[in-house]
Amino acid sequence: QTPPASTTFRRLTLVGLHTQQRVTVDLHLELESDDKNTALKGVGIIDVKQAPFCMRTPVMQSLRAAGMRPASASKYVSAIALTHPLVRLSRLRHMLRNLERLRR
């Protein structure tokens, strides 16, 4: 059975006035499961929602210029993987390595 997990974070939301996109930035992330807590200090998650998907918007161009690339991530799955070292999902290995590198 999958253990319960919770995430806490501060969220900033930006809405495009002339584009069909919304950007959320989650900061001060804390992931908890089974009384194990992991704080992701200095790490933020940027989520860009747009219809239709377009890499030519100012937000997407700025993120790309800053060296950021799209990635799929779940805060719940990250909480489980970071608080339960025996639970490792091979598809998350790359994301977890990136998180660990950012945390240093």
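# Questions on a predicted model

Visitor: Into what classes do the residues of the lining of the largest pocket divide?
Guide: The model is predicted. In it, the lining of the largest pocket holds residues of three classes: 18 are nonpolar, nine polar and eight charged.

Visitor: Which residues lie nearest the centre of the largest pocket, and how many residues line it?
Guide: The pocket encloses about 1,100 Å³ of space. Nearest its centre are Ile45, Ile46, Arg69, Pro70 and Ala71, and the residues that line it number 35.

Visitor: Which element gives the most to the lining of the largest pocket?
Guide: Strand 2, strand 4, helix 1, helix 2 and helix 3 each supply at least two residues of this lining. The element that gives the most, with six residues, is helix 3.

Visitor: Which element of the protein has the lowest mean pLDDT?
Guide: Over the protein the mean pLDDT is 81, and 88% of the residues reach 70 or more. Where pLDDT is low, the predicted coordinates should not be read in detail. Strand 1 has the highest mean among the elements, at 92, while the lowest, at 71, belongs to helix 3.

Visitor: What pattern does the protein follow along the sequence?
Guide: The protein has three helices and four strands. Read along the sequence, they give β-β-β-β-α-α-α.

Visitor: Why is helix 2 described as largely enclosed by the rest of the structure?
Guide: Of the 104 residues of the protein, 28% count as buried. The buried residues of helix 2 are Val77, Ser78, Ala79, Ile80, Ala81, Leu82 and Thr83. Helix 2 spans residues 75–83 and is called largely enclosed because its buried residues are seven of nine.

Visitor: Which residues make up the largest nonpolar core?
Guide: In soluble globular proteins, nonpolar side chains tend to be buried together. Here the largest nonpolar core has 10 residues: Leu29, Leu31, Leu40, Val43, Ala79, Ala81, Leu82, Met95, Leu96 and Leu99. The elements that each supply at least two residues of this core are strand 2, helix 2 and helix 3.

Visitor: Is Val43 buried or exposed?
Guide: Val43 is found in the loop between strand 3 and strand 4. Its relative accessible area is 6%, and the cut-off for burial is under 20%, so Val43 is buried.

Visitor: How many Å apart in space are Val43 and Leu99, C-alpha to C-alpha?
Guide: Val43 and Leu99 both belong to the largest nonpolar core. They are 56 residues apart in sequence, yet their C-alpha atoms are separated in space by 7.7 Å.

Visitor: Which residues is Leu12 in contact with, leaving aside its neighbours within four places in sequence?
Guide: Leu12 lies in strand 1 and is partly exposed, with a relative accessible area of 46%. Its C-alpha atom is 8.2 Å from that of Val23, 11 residues away along the chain. With neighbours within four places set aside, the contacts of Leu12 are Val23, Thr24 and Val25.

Visitor: What is the phi of His28?
Guide: His28 is in strand 2, residues 21–33, and is exposed, with a relative accessible area of 59%. Its phi is positive although the residue is not glycine, with a value near 55°.

Visitor: Which residue follows Ala51 across a cis peptide bond?
Guide: The bond in question has omega near -10°. The residue after it is in the loop between strand 4 (45–50) and helix 1 (58–65). That residue is Pro52.

Conventions. Residues numbered from 1 in each chain as written. Predicted model: local features only at pLDDT ≥ 70, side-chain atom pairs only at ≥ 80, totals over all residues. Heavy atoms only, no water. Buried < 20%, exposed > 50% of the residue type's maximum accessible area, 1.4 Å probe, protein only. 1 Å grid on protein atoms, 1.4 Å probe; cavity = no way out; pocket = protein on both sides within 12 Å on 5 of 7 lines; lining within 4 Å. Points joined across faces, edges and corners; volume = space filled by probe spheres on them. Nonpolar A, V, L, I, M, F, W, Y, C, P; charged D, E, K, R; others polar. pLDDT = per-residue confidence, 0-100. Core = buried A, V, L, I, M, F, W, Y, C linked by side-chain atoms within 4.5 Å. Contact = heavy atoms within 4.5 Å.
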